[in-house]
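Below are a few notes on the model, set out for a colleague to check against the coordinates.

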Amino acid sequence: MFGRKSKSDHPRPDENFEPYEEFSGIPMPVYWIAIALAAWGAFMLYDTGKDVTLAQDERVEERAVQISADQGEGGNLFVANCSTCHQPDGEGLRGAVPPLAGSEVLAAGPEIVARILLRGIDGPIRVGGDDFDGHMPSFASALNDDEISRIASYVTLTFGETDAKLDPKRVADLRHEVGDAGSFAGGAELATIVTSMPPQPPHPAPTAADAMTATVQDLVFAGRDDVWACASCHGDLGQGGENTPRLAGQPAKYLTKQLNDFRDGTRDNESMQIVAAGLSDAETAALGAYFATLRATSNASPNLSADLARGERLALQGDWSLGVPACFTCHGSSGFGVAPDFPALAAQHAPYTASQLAAWAGGGRQNSPLGLMSQISQALSSQDRRAVADYLASLPPVPAGRTASAQEGTSNAE
Amino acid sequence: MNRYLPLSILALAILAFATLMLVIAPGIQIDARNVPEGLRNYTQAEQNGRDVYVAMGCVYCHSQQPRSPDQAPDGERGWGRPSVASDYAFDAPHQLGTMRTGPDLLNVGARLPSEGWHLTHLYQPRAIFDWSIMPAYPFLFERKDRAAPSDTVVTLPPAYAPESGVIVARRDALDLVAYLRALDRTYPSPTDALRDDGYASGPAAEDPNASEGDS
């Protein structure tokens, strides 16, 4: 149609005619726009360049803060790291946490305190005439030499009334000397270097070898025809990684319940449902007991770039404006878990904690007693979930499982 | 338009400028970065596995670039911290990918270090996830009546196991799994790391509470 119309409207041009365009200057607005764009580009380049250096500086600072966590004098460090268990007044908790005030250990001076901070205690200990299940974490990974020296000096000065100062350099030597000796095996081992301690209860710690039957060994390290080995994902010490959870030192009954829940389909996870499907009740119980005895240093790190201070507030105090109680009210001070229902949270991998909180909130996981965790998780924003997961990942792992199961044992016996 | 010389000079100049800004300048910027502490080169087996990864076109469905928390909840998915340029020091060509039909794999070795799991999953993803849309790779495996001592037998649920004999992994499958297990960039990112700070920089980053109020 158009073709015919144009034919009729315009006479056909001469065959030799070459179309051309007369020269005309570029309109001024085009120049303006080009110049404006160039200026804008240059400005943005400069501006984002500034942002990049700013962000880099911030990260360097953040790292420095994380490494040295300079929280002022020993008193503040004590409040931040020790008082959740030992209480701000150093009186401890009757039957659970030994007192610092009047403790025979402190009389031995700050160097012993530093050794205990570096190694932790894992076994029964007698302080001030009372017996305790010692399950103090090692702070070697969480605190630096300077911080340990300040806490040790503060603790001995305040509760032991010995005003000997400890030099950070000496702590560095101690750290080197301690190496990877692991936790003190209860008061019995501690008494070998602290002569002022009273006679200590014997250390009956069942080692991993005791819980290690042939069946468990096969399941953990070799798997079966139709299931993979536990250790192939969770690590040979049950340390886990990213969103594969840390199992070492979890309450035995908690682990057994989770395995049974996977088997019944009460808890969702495709890989774990396959693994658990072939396990008998005896085997889930044996596996729970085995992983409860394991001790692994923390390989978790706060890697979700969340607000650690907010996480600490949630873990220690909760947020009652949201109706969220402190994590530690149920999961034990320092998040070491309370057998049989409350798993240890300290040193759990941040992605795992955050993803489980999200699963509770979204209904993907529903196997908590009384639906407690669903309510709490729904009240938390995604930033809060990340923050609390990051904070818990930054804590030192607490050797809780054995003592927790020992408590169960004694309470059953009673 | 018959002034060919200025036209071609201008075209080449534009190309040269783009090459300078998009290839040469970033190249200089990246070359100055050191290999981060905690990253090692691939072994021969892992390198072979990487070639299998490339040949199978894994990159079309799997990215290898965890994003920052401002952009996606990759950290909570267990996919790892935001990656930085030096994380790819030994990856040539990199397998960044753009599609996320499947999960990001840059840290799959950290969250799923099990060789057995990966072999099962490569042989038949539906054996583990009945909803999975990932293709199966049975041609990386072979059925044998009896496994030789050096063979790696694939763990399979009864529904997917062969009627008789066993499924063993070929060299390619083992190498691919070795490569997947080597994908672990969970070491802390270097403080001088080059990365896209995107919307994270600026006022929001200075006041974390401000961003909390937004969502």
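The points below take up the chain interface, one helix and one helix pair.

1. This is a predicted model, in which local features need pLDDT of at least 70, side-chain atom pairs count only at pLDDT 80 or more, and totals for chains, interfaces and linings use all residues. Residues are numbered from 1 along each chain as its sequence is written, and chains are lettered from A and ligands numbered from 1 in the order in which they are written.

2. In the interface, 36 residues of chain A are in contact with 34 residues of chain B (C-beta atoms, placed from the backbone, within 7 Å). On the chain B side, α3 (108-111), α4 (115-123) and α7 (208-214) each supply at least two residues; α4(B) gives the largest share, three residues. Helices here are DSSP runs of H or I, at least four residues, numbered from the N terminus.

3. Helix α14 of chain A (residues 281-293) has 13 residues and should span 18 Å at 1.5 Å a residue (1.5 Å times one less than the number of residues); its end C-alpha atoms are 19 Å apart, which agrees.

4. Buried residues of α14(A) include A:L287, A:Y290 and A:F291 (buried: 20 or more other C-beta atoms within 10 Å of the residue's own, all placed from the backbone).

5. The axes of α17 (residues 350-362) and α19 (residues 382-393) of chain A come within 8 Å and cross at roughly 145 degrees (lines fitted to C-alpha atoms over the stretch in contact; angles from 0 to 180 degrees between N-to-C directions). Among the residues making the contact are A:L357 of α17(A) and A:L392 of α19(A).

Key
Two residues are in contact if their C-beta atoms, placed from the backbone, lie within 7 Å. A residue is buried if 20 or more other C-beta atoms lie within 10 Å of its own, exposed if 12 or fewer, and partly exposed in between; C-beta atoms are placed from the backbone.
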